[in-house]
Every structure is written in structure tokens, then in C-alpha cells.
Amino acid sequence: MSFSPAITFLDKEYSSPILGASGTFGNGDIYKDLLNYSKIGGFVTKAVTAQPRAGNPGQRIFETSGGVLNSIGLENDGLANFIEQKLPEFEKYDCHIWVNVSGNSPEEYINIIETIGEHDFIAGFEINVSCPNVAHGGMRFGASADQVRSLTSRIRVRTNKPITIKLNPNVIDIVEIAKAAKDGKAHAITVSNTFLGMEIDVHKKQPVLGNVTGGYSGKPIFPLALRCVWQIRKEIDIPIIGCGGITSGLDGIKMLMAGASLLQVGTSTLKNPRALEDISNEMSDWAEKNGYSSFSEIIGVAQKND
């Protein structure tokens, strides 16, 4: 029995379950000379906001012993530049591309999505309601089930593209927020964004990040993200894109077993630009050696054995 790494997600075939996560993957151009894009499932763009954002002041990146703290603040060149400079390049990439969208109000999200339009080479929109290092929008929406439900339902009827809601893990009950996204008719959910953290410079006697706190990512958060995927799949049946601390093929297999259908890899690419391909190959090798013919056979198997 031969193994195929292809997987079907929302009626489209992906050559691999691995996607480049929003933020670390830029808009595809960073890795274009380092990766074979036909060997990965795709990538999620850097967040797009209506107006350009300079991002947060001061030091914005700090590497810990196991992960990375970031306080970028959704720095980007804005919607007009994205449409003029980035969007035309997407047709060159032989993979699926999701556009990450962030805003300060429902109207801003809707305006961005409608302005970008219904291009065939855009697989869908990832709605960022969970950024932990911006003062307005983002995390504010993601912490309220009612606001997630309302925002999702309003966006859902304004585009024919699939939407996935990127959840905020810094909440009391992430399952409640996931249920709200489903109630709003989201096609999928991304689980999850970074965890809120901070670090202190003992010599300067002050926080290392200019914004004091930031999003923590990397290998140490994998068990936390895995728990979130497990809890959500246990309670609701909606496609999940698992994200958080995946650094190896075995991590990816575990995330599928917990209930994710696609995976995003972010921080690992900062250390290894070929991480997406390497992790995808490691997953395929493990699955084939263990008698699976496709990744779809692995999705949620740990839930069935619970």
C-alpha cells in the first residue's frame, strides 16, 4: 500500500497538511528560493490591516531558552500596498494561500475582505481575533464569545471564500470561543495564536520588550496548543488548523491525532527555513512506516481511543 501525503481540506486538495503560519512566513517571498512550494500545503500571509502599521516600539523580539517572545504589533504596509505589491505575486506559488486579516472593528474586517475580492488563487481568509500584542482589536474580539459569534456571522455572508477564525488561547474557556465561531458559521478554526508572556532584564531591571508583554511561541507551547486542539475537537465537530510549537514530524502527527486537519508551522522556520518541507517529510515517513495510506486516517484517532 503506497502512502500519499495529499489531504483534502474544505473540498480542496493540499499536497501536504503543513502550512506556513502567519507572521513568520511573510507573504511568501521570504522563502521562495529555499522551498519547493509544491511540496507544502501552502501558507498564511502576514496580517493585513486597512492602514499601514509601524508596529510596536522598542525591542520586539526576544529569544528565550526554548522559544521566542514577540511584540511586533501587526506591522504591515496596509491594504492598498498589499493589493498592489503582494497580491499579484501569489499566482506564482504552487500552493494554497490564505490571507490573514485583522481590524479594529467588524466594518474594517469586512472592508478588507471585500476589497481584496474573490481571486481564484486565494484559498480563504484567516480572521485574526487573537493577536496578544496590539492595543485595540485582535485580542479584544477573541476574548468574547458574543463578539466572535457576531463578527464571524457578519463576515461569513460577505464573502464566498472559506473563513477560519484564529482563536485566542489567553481566555478562560477556549472551547466556548470555538463554539461561538462555529455558531457564526465559520468554515474552520485555527488553534491557536501565541500565549501571552514576558521577560525581565535583571541588569536593566525592566522588561525586555518595549511593549512589556508579547506572544510566546516555539517548542515549549506545543503541549498547550495540543491541549487546546484536543479540548475543542472533543466538544465540537468543525475543521481545525492546529498551530503552536510544532517542531518535528512527530509533533505534527500528534496534532493530527488530537483532531487537527491541517497544521501551521511558524517559529521553526526562523531557525530552519526548510522546516515546512522537513516536517512534512518526517510526517510522511512516520505514517508510511506505521501502515497508514493517508494522513486523513490519522485525524482524530486519539479521540476515538479515549
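**An open sheet and its edge strand β11**

Let me start with one pairing, in which Met198 stands opposite Thr213, a residue of β14. Please keep in mind throughout that what we are looking at is a predicted model.

That pair belongs to a longer contact, since β11 and strand β14, which covers residues 213–218, run antiparallel to each other and are joined over 4 bridges. A little further back along β11 we come to Leu196, whose bridge partner in β14 is Gly215.

Stepping back to the whole sheet, there are 4 strands, and they form an open sheet in the order β5-β6-β14-β11, with antiparallel pairing. β5, residues 61–63, and β11, residues 195–198, are the edge strands, and each has a single partner strand, so one side of each is left without a neighbour in the sheet. If we ignore direction, neighbouring strands in this sheet are turned against each other by 35 degrees on average. As a general reminder, the strands of a sheet pair through backbone hydrogen bonds, in either a parallel or an antiparallel manner.

Now to the faces of β11: which residues lie on its covered face, and which on its uncovered one? Phe195 and Gly197 make up the covered face, whereas Leu196 and Met198 make up the uncovered face.

Met198 brings us to the surface, where it forms a nonpolar patch together with Ile200, Val202 and Val212, the four having about 360 Å² of accessible area together. Of these, Ile200 sits in strand β12, which spans residues 200–201, and with a relative accessible area of 48% Ile200 counts as partly exposed, because the class of exposed residues begins over 50%.

Conventions
Residues are numbered from 1 along each chain as its sequence is written. This is a predicted model: local features need pLDDT of at least 70, side-chain atom pairs count only at pLDDT 80 or more; totals for chains, interfaces and linings use all residues. Side-chain values use heavy atoms; hydrogens and water are left out. Two strands pair if DSSP finds at least two bridges between them. Helices (H or I, at least four residues) and strands (E, at least two) are DSSP runs, numbered from the N terminus. Axes are lines fitted to C-alpha atoms, for helices over the stretch in contact, and angles run from 0 to 180 degrees between N-to-C directions. Patches are made of residues with over 30% relative accessible area and no salt bridge: like charges are joined within 9 Å, nonpolar side chains (Val, Leu, Ile, Met, Phe, Trp, Tyr) within 5 Å. Accessible areas come from the Shrake-Rupley method with a 1.4 Å probe; for residues, only the protein chains shown count as cover. A salt bridge is a side-chain nitrogen of Lys or Arg within 4 Å of a carboxyl oxygen of Asp or Glu. Buried means under 20% relative accessible area, exposed over 50%, partly exposed in between (1.4 Å probe, protein chains only).
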